[in-house]
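Hi everyone, thanks for coming along. I'd like to walk you through one model today, so please have the viewer open and follow along with me.

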Amino acid sequence: SFTCTGTLIESTVVLTAAHCLMDQRGAPRKGAYFVKYGNNLLQEGALRDVTAIWASPQYSNSKSVADVGLLRLSYPATGVQVLPLLRSAQIKKILKNKKTKLEAVGWGVDQNRNMATYLKRVAVKDESTAIRKVVNWWKPSIWLAAGKYDSKQKIYGGVCSGDSGGPIFAVKNGQRVQVGITMATFAEDCELLAPSIFTRLDYYLSHIQQNLRTLENNQ
């Protein structure tokens, strides 16, 4: 069954969210994992089996922290673009620029709970400053809030179930750079009264890189 979205950061490594690899008890999901890639249609594309997974041991569903995970493919994905991660300082600099355009990407359902046919992209705006004014528990160093506000309906367009683990990109000169991972939303029906929430990559980048070797050892 289809579960989450991810990003190919190396030819054999997919970056996703930790909660995509966990069951409701917080234990690793049982069974085999597969990654589909290489097409803009959900029902098409190549399929790779996964030989190892890693979910951050710091992950907490109740506290919404360290929601990062990795999957290692059985052999390299070919014929597709790999999107290597930037350094933490570079990501911070990009997010500080208020003119930076953001784009969330994923295979999630729509507001009517219909499965995606095509890979979906939505241009969103950084709403982290605004949300800090109304949410006193907000942690700006580890979370990024973003959405597309519809002033007539007074709702935010953003991500939904199935988009989890997918990327939010900063778009500059036609180039996409991953700055976050889709973590959660404030509503289940996708017609959001608040922006979508993403894990900031700059905070967890060293944690991810250090555990790429752990992923190899888990094979």
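I'll go through the pockets, then a helix pair, then a handful of single residues.

Before anything else, please keep in mind that this is a predicted model.

Let's start with the empty space. Rolling a probe the size of a water molecule over the atoms shows where empty space is left. In this model, the largest pocket holds about 1500 Å³ of space. Its lining is made up of 43 residues, and those closest to the centre are Gly6, Val35, Lys36, Tyr37 and Trp107.

Which strands supply at least two residues each of that lining? They are S1 (7–10), S2 (13–16), S3 (34–37), S10 (167–172) and S11 (175–184). S3 gives the largest share, with four residues. As for chemistry, the lining of the largest pocket splits into 22 nonpolar, 15 polar and six charged residues.

Now turn to the second largest pocket, with a volume of about 420 Å³. Here 23 residues form the lining, and Gln111, Val122, Gly157, Gly158 and Cys190 lie nearest the centre. The strands that each supply at least two lining residues are S6 (101–106), S7 (120–126), S8 (143–150) and S9 (155–157). The lining of this second largest pocket has 10 nonpolar, six polar and seven charged residues.

On to the helices. Two packed helices are described by the angle between their axes and the distance between the axes. Take helix H1, residues 88–96, and helix H3, residues 201–210: their axes come within 8 Å and cross at roughly 170°. An angle over 145 degrees counts as roughly antiparallel, and H1 and H3 are therefore roughly antiparallel to each other. If you want to see the contact on screen, pick Ser88, Ile91, Lys92 and Leu95 in H1, which meet Leu201, Asp202 and Leu205 in H3. Sorted by type, the residues of that contact are four nonpolar, one polar and two charged.

Next, some backbone angles. Most residues other than glycine have a negative phi, and most peptide bonds are trans. With that in mind, have a look at the loop between strand S4 (46–55) and strand S5 (69–73), where Ser64 lies. Ser64 has a positive phi, near 55°, and is a residue other than glycine. Ala66 is found in the loop between S4 and S5 too, and has a positive phi of about 55° although it is not a glycine. So are these two buried or partly exposed? Ser64 is partly exposed, with a relative accessible area of 26%, whereas Ala66 is buried, at 1%.

Let me finish with four single residues, starting with Val80, in the loop between S5 and H1. Val80 has a relative accessible area of 29%, which makes this residue partly exposed. Leaving out residues up to four places away in sequence, Val80 touches Leu8, Tyr37 and Gly38. You may recall Tyr37 as one of the residues closest to the centre of the largest pocket. How many residues separate Val80 and Ser11 in sequence? They are 69 residues apart, yet 8.8 Å apart in space, C-alpha to C-alpha.

Then there is Leu119, in the loop between S6 and S7. This residue also counts as partly exposed, at 23% relative accessibility. Not counting residues up to four places away in sequence, Leu119 touches Asn40, Val105, Gly106 and Trp107. Between Leu119 and Lys98 there are 27 Å, C-alpha to C-alpha, for a sequence separation of 21 residues.

The last two are buried. Thr199, found in strand S12 (residues 196–200), counts as buried at 1% relative accessibility. Setting aside neighbours within four places in sequence, Thr199 has contacts that include Asp67, Val68, Ile142, Val179 and Tyr204.

Ala145 lies in strand S8, and is buried with a relative accessible area of 0%. Apart from neighbours within four places in sequence, Ala145 is in contact with a set of residues, among them Lys125, Glu127, Trp138, Pro195 and Ile197. Ala145 and Ser206 are 61 residues apart in sequence and 22 Å apart in space, C-alpha to C-alpha.

That's my tour. Thanks for listening, and I'm happy to go back to any of these spots on screen.

Notes: Residues are numbered from 1 along each chain as its sequence is written. This is a predicted model: local features need pLDDT of at least 70, side-chain atom pairs count only at pLDDT 80 or more; totals for chains, interfaces and linings use all residues. Side-chain values use heavy atoms; hydrogens and water are left out. On a 1 Å grid over the protein atoms alone, a cavity is a set of points where a 1.4 Å probe fits but cannot get out, and a pocket is an open set with protein on both sides within 12 Å along at least five of seven lines; lining residues have an atom within 4 Å of a point. Grid points are joined across faces, edges and corners, and a volume is the space filled by probe spheres set on the points. Ala, Val, Leu, Ile, Met, Phe, Trp, Tyr, Cys and Pro count as nonpolar, Asp, Glu, Lys and Arg as charged, and the others, Gly among them, as polar. Axes are lines fitted to C-alpha atoms, for helices over the stretch in contact, and angles run from 0 to 180 degrees between N-to-C directions. Angles under 35 degrees count as roughly parallel, over 145 as roughly antiparallel, 65 to 115 as roughly perpendicular and the rest as oblique. Contact means heavy atoms within 4.5 Å. Buried means under 20% relative accessible area, exposed over 50%, partly exposed in between (1.4 Å probe, protein chains only).
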